[in-house]
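User: I would like to go through this model with you and ask, for each label, what it rests on.

Analyst: Gladly; here is the structure, and we can take the labels in turn.

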Amino acid sequence: MAESRKLAGIRIVTGTTSPFTRYERISVSPASCSIRSEYVIASYTFKLQYKCNNSTPAWEQRKLGDYVVVSTAKNADGRFNKEDVLSVSGEYGIVNQIAFQGRSFAGSSVLNYGIVNTGDIVYTKSPLNSNPYGIIKVNKGIPGIVSTLYAVYRPQDNVHTNFIQVYFEQHERMNNYMHPLVNKGAKNDMKVTAENALKGVVTFPSREEQVIISEFFDRLDSLITLHQRKRLWFAK
């Protein structure tokens with residue numbers, strides 16, 4: 001569990017211009033094998049604590065390619081159309097492009113677009129202010145398709161796919177992972193293949209522990225969403 005100290009830090013969860021900007025403080029106690037997460041929304045603070053099992057194996061350093069493989073599935077048969085194109089947002093994850101941005105930005109044909117099934121992982125290869133080397137997100141919604149500019153991966157049996165998103169949501173970790181793997185082009189585009197993006201080293205616990213940690217953060221997010229709705233209701 002000592003490696004879990006790498007989870008410690010402060011993460012901005014929503015945009016800094018939002019009145020509901022959330023800050024997450026994660027503190028880890030190796031002695032008691034626990035992770036305490038404190039969320040601050042405006043002046044409100046929520047705390048949850050995750051206790052791990054001391055009998056579980058230590059966190060292990062391996063290449064990301066040991067956990068996911070490149071997906072080559074394409075929309076060649078045309079089962080998906082422009083209404084099924086997905087966008088990848090740093091704040092909202094993988095979402096339907098039309099629902100999120102109001103219209104489709106797809107080209108005249110989407111037959112060469114990559115298929116993203118539920119549970120698949122997408123690496124954007126597109127720079128953001130906080131993530132100059134792109135972001136990694138998991139499709140938690142329905143299947144769809146993405147542009148050929150994106151890399152799509154399938155999880156293997158030794159990984160809980162939602163944990164991958166939890167792991168890479170900390171900006172510093174995401175940036176440090178991708179920085180040595182990416183070459184930026186003259187137009188600030190990402191010069192990295194889908195295969196090379198998997199050659200970096202990650203530190204993951206057992207799959208059982210991945211599930212527990214992922215569910216912990218899911219509960220925390222649900223609690224925060226509930227509180228935000230209450231604030232909006234009382235503000236009316």
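User: How many salt bridges does a search of the whole structure find?

Analyst: The search finds three salt bridges, and it should be kept in mind that this is a predicted model.

User: What makes Glu169 and Lys137 a salt bridge?

Analyst: The closest N and O atoms of Glu169 and Lys137 are 3.3 Å apart, and a salt bridge requires a side-chain nitrogen of Lys or Arg within 4 Å of a carboxyl oxygen of Asp or Glu, so the pair qualifies. Glu169 lies in the loop between α2 and α3, whereas Lys137 belongs to strand β11, so the pair ties together parts that are 32 residues apart in sequence.

User: Why is Lys137 called buried, and what is Glu169 called?

Analyst: Lys137 has 6% relative accessibility, and buried means under 20%, so Lys137 is called buried. Glu169, at 23% relative accessibility, counts as partly exposed, because that class covers the values between 20% and 50%.

User: How do you know that Arg62 and Asp66 form a salt bridge, and are these residues buried, partly exposed or exposed?

Analyst: Their closest N and O atoms are 3.7 Å apart, and the cut-off is 4 Å, so the pair is counted as a salt bridge. Asp66 has a relative accessible area of 35% and is therefore partly exposed, and Arg62, with 29%, is partly exposed as well.

User: Why are Arg79 and Asp77 called exposed?

Analyst: Arg79 has a relative accessible area of 55% and Asp77 one of 56%; exposed means over 50%, so the label applies to Arg79 and to Asp77. These two residues also form a salt bridge, with the closest N and O atoms 3.5 Å apart.

User: What makes Ser89 a buried residue, and which residues is Ser89 in contact with?

Analyst: Ser89, which is placed in strand β7, has 8% relative accessibility, and as this is under 20%, Ser89 counts as buried. Leaving aside neighbours within four places in sequence, Ser89 is in contact with Phe100, Ile135 and Lys137. A polar atom of the Ser89 side chain also lies 3.1 Å from the backbone nitrogen of Glu91.

User: How do you know that β7 and β8 pair?

Analyst: Four bridges join β7 (residues 86–89) to β8 (residues 93–96), and pairing takes at least two bridges, so the two strands count as paired. They run antiparallel and form a hairpin with three residues between them, in which Ser89 has Gly93 of β8 as its bridge partner.

User: Why are β10 and β11 called paired, and where do they sit in their sheet?

Analyst: β10 and β11 are joined in the antiparallel sense over three bridges, and at least two are needed, so they are called paired; one bridge partnership is that of Val122 with Lys137 in β11. Both strands belong to an open sheet of four strands in the order β6-β13-β10-β11. Its edge strands are β6 (68–70) and β11, each of which pairs on one side only, and the twist averages 30° from one strand to the next. Helix α2 lies across β6, β10, β11 and β13, running at about 145° to β11.

User: Which residues of α3 are buried, and what do they pack against?

Analyst: Arg173, Met174, Asn175, Tyr177 and Met178 are buried in α3, and the buried residues of this helix pack against β10, β11, α2 and β16. Met178 is also among the residues that touch the most other members of the largest nonpolar core, which has 34 residues.

Definitions and conventions: Residues numbered from 1 in each chain as written. Predicted model: local features only at pLDDT ≥ 70, side-chain atom pairs only at ≥ 80, totals over all residues. Heavy atoms only, no water. Core = buried A, V, L, I, M, F, W, Y, C linked by side-chain atoms within 4.5 Å. Buried < 20%, exposed > 50% of the residue type's maximum accessible area, 1.4 Å probe, protein only. Contact = heavy atoms within 4.5 Å. Axes fitted to C-alpha atoms, helices over the stretch in contact; angles between N-to-C directions. Polar contact = N/O pair within 3.5 Å; in protein donor to acceptor, adjacent residues only side chain to side chain.
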